[in-house]
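Colleague: I'd like to learn how to read a fold like this one, feature by feature. Could you walk me through it?

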Amino acid sequence: MINDLLKGNRRFVEMVFERERPYFAELSKAQHPTVLWIGCSDSRVPVNTITQTRPGEIFVHRNVANIVAAADWNLSAVLEFSINHLNIPDIVICGHYGCGGILALDNTSEHDQYVPIWLNSAREAAHRIDSRLQTGSEPLSALQRHRLIVEENVSLQMEHLLAYPFVARAVDAGKLAVHGWVYDMDTGSINVQASRPRRARNE
């Protein structure tokens, strides 16, 4: 597989890079993405492929289960750089059905040390859905429950994102909007889950 990656790079140089050399030359000088994408590390959710965007258009941060953790210095630096230096106006948190991280909330491996700790920032999503299901009239299948938790996790991570003071200030100042999406691998479609739009500057 490693050799395949290098062969793929050579094809990229020959078939894409050389053909679009002026575009990549401009990209090498500076980047001006207009969206920060916080998504899952899942290999089946390639950002540029499912959004049909070009290099330089999306600033990307990915982790297991598209989590926004309060003590994540990596994400904190990405957010700070995105808002303070790249002036990105939109942040998308994108989950996906079939997410292994969300499935692991119910099926923690005894061999995992770090995954359960990381997923603590998503457990509230499962608790919320299970609380709602207890008051429901009809039981749901495991698949239906999973999809609801995926969706709730996106909403939960939006809450975590807005708990960052400098993110909330940017939203309140009308400089930033936050969006929650869910990608459906069965259809290839992105479903809009929630949105926190930019406020008008004169509000």
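**Reading the fold**

Modeller: Start with how the contacts are spread along the sequence: among contacts in the chain between residues at least 6 apart, 67% join residues at least 24 apart. Keep in mind that this is a predicted model.

Colleague: How many helices and strands are there in the chain, and how do the elements run from the N terminus on?

Modeller: The chain has 9 helices and 5 strands. Read from the N terminus, the order is α-α-β-α-β-α-β-α-α-α-α-α-β-β. For overall dimensions, take the C-alpha trace along its principal axes, which spans about 60 × 50 × 35 Å. Of the 203 residues, 37% count as buried.

Colleague: Let's take one helix, then. Which residues of α9 are buried?

Modeller: For any helix, list the buried residues, then check how they sit around the axis. In α9, which covers residues 165–172, the buried ones are F166, V167, A170 and V171. Their arc around the axis is only 140°, so they lie on the same side of α9. On the face turned away from that buried side you'll find the exposed residues P165 and R169.

Colleague: What do the buried residues of α9 pack against?

Modeller: Two helices and two strands: they pack against α4 (73–84) and α8 (142–162), plus β4 (177–184) and β5 (189–196). Just after α9 there's also a backbone detail to look at, as G174 takes a positive phi of about 80°.

Colleague: Pick the α4 partner. At what angle do the axes of α4 and α9 cross?

Modeller: For a helix pair, go through distance, angle, handedness and then residues. The axes of α4 and α9 cross at roughly 30° and come within 10 Å. Angles under 35 degrees count as roughly parallel, and α4 and α9 are therefore roughly parallel to each other. The crossing is left-handed. On the α4 side, S76, L79, E80 and I83 meet F166, V167 and A170 of α9. Sorted by class, that contact has 5 nonpolar, 1 polar and 1 charged residues. Note that F166, V167 and A170 are also among the buried residues of α9.

Colleague: Now the other pair I noticed. How far apart are the axes of α7 and α8, and at what angle do they pack?

Modeller: Same recipe. Helix α7 (residues 123–134) packs with α8 at an angle of about 125°, and their axes are 8 Å apart. That makes α7 and α8 oblique to each other. Here the crossing is right-handed. The α7 side of the contact consists of E124, A125, A126, R128, I129, D130, R132 and L133, while α8 brings R145, L148, I149, E152, N153, L156 and E159. By class, this contact has 7 nonpolar, 1 polar and 7 charged residues.

Colleague: Back to backbone angles. What phi does Q52 have, and where is Q52 found?

Modeller: A positive phi is worth a second look when the residue isn't a glycine, so to speak of residues case by case, check the location and the accessibility too. Q52 is not a glycine, yet has a positive phi of about 50°. Q52 is found in the loop between α3 and β2 (58–63). With 66% relative accessibility, Q52 counts as exposed.

Colleague: And N66: buried or exposed?

Modeller: N66 is buried, with a relative accessible area of 2%. N66 isn't a glycine either, and has a positive phi of about 40°. Its place is the loop between β2 and α4.

Colleague: Let's finish with two serines. Where does S82 lie, and which residues is S82 in contact with?

Modeller: S82 lies in helix α4 and is buried, at a relative accessible area of 1%. Setting aside neighbours within four places in sequence, S82 is in contact with L36, F59, N87 and I88.

Colleague: Where is the place of S41?

Modeller: S41 is in the loop between β1 (35–40) and α3 (47–51). At 39% relative accessibility, S41 counts as partly exposed. Leaving aside neighbours within four places in sequence, S41 is in contact with R62, N63 and V64. For a distance back to α9, try A168: the C-alpha atoms of S41 and A168 are separated by 25 Å, with their positions 127 residues apart along the chain.

Methods
Residues numbered from 1 in each chain as written. Predicted model: local features only at pLDDT ≥ 70, side-chain atom pairs only at ≥ 80, totals over all residues. Heavy atoms only, no water. Buried < 20%, exposed > 50% of the residue type's maximum accessible area, 1.4 Å probe, protein only. Helix = DSSP H or I, 4+ residues; strand = E, 2+ residues; numbered from the N terminus. Arc of directions from axis to C-beta. Contact = heavy atoms within 4.5 Å. Axes fitted to C-alpha atoms, helices over the stretch in contact; angles between N-to-C directions. Parallel < 35°, antiparallel > 145°, perpendicular 65-115°, else oblique. Left-handed = near helix turned anticlockwise from the far one by under 90°. Nonpolar A, V, L, I, M, F, W, Y, C, P; charged D, E, K, R; others polar.
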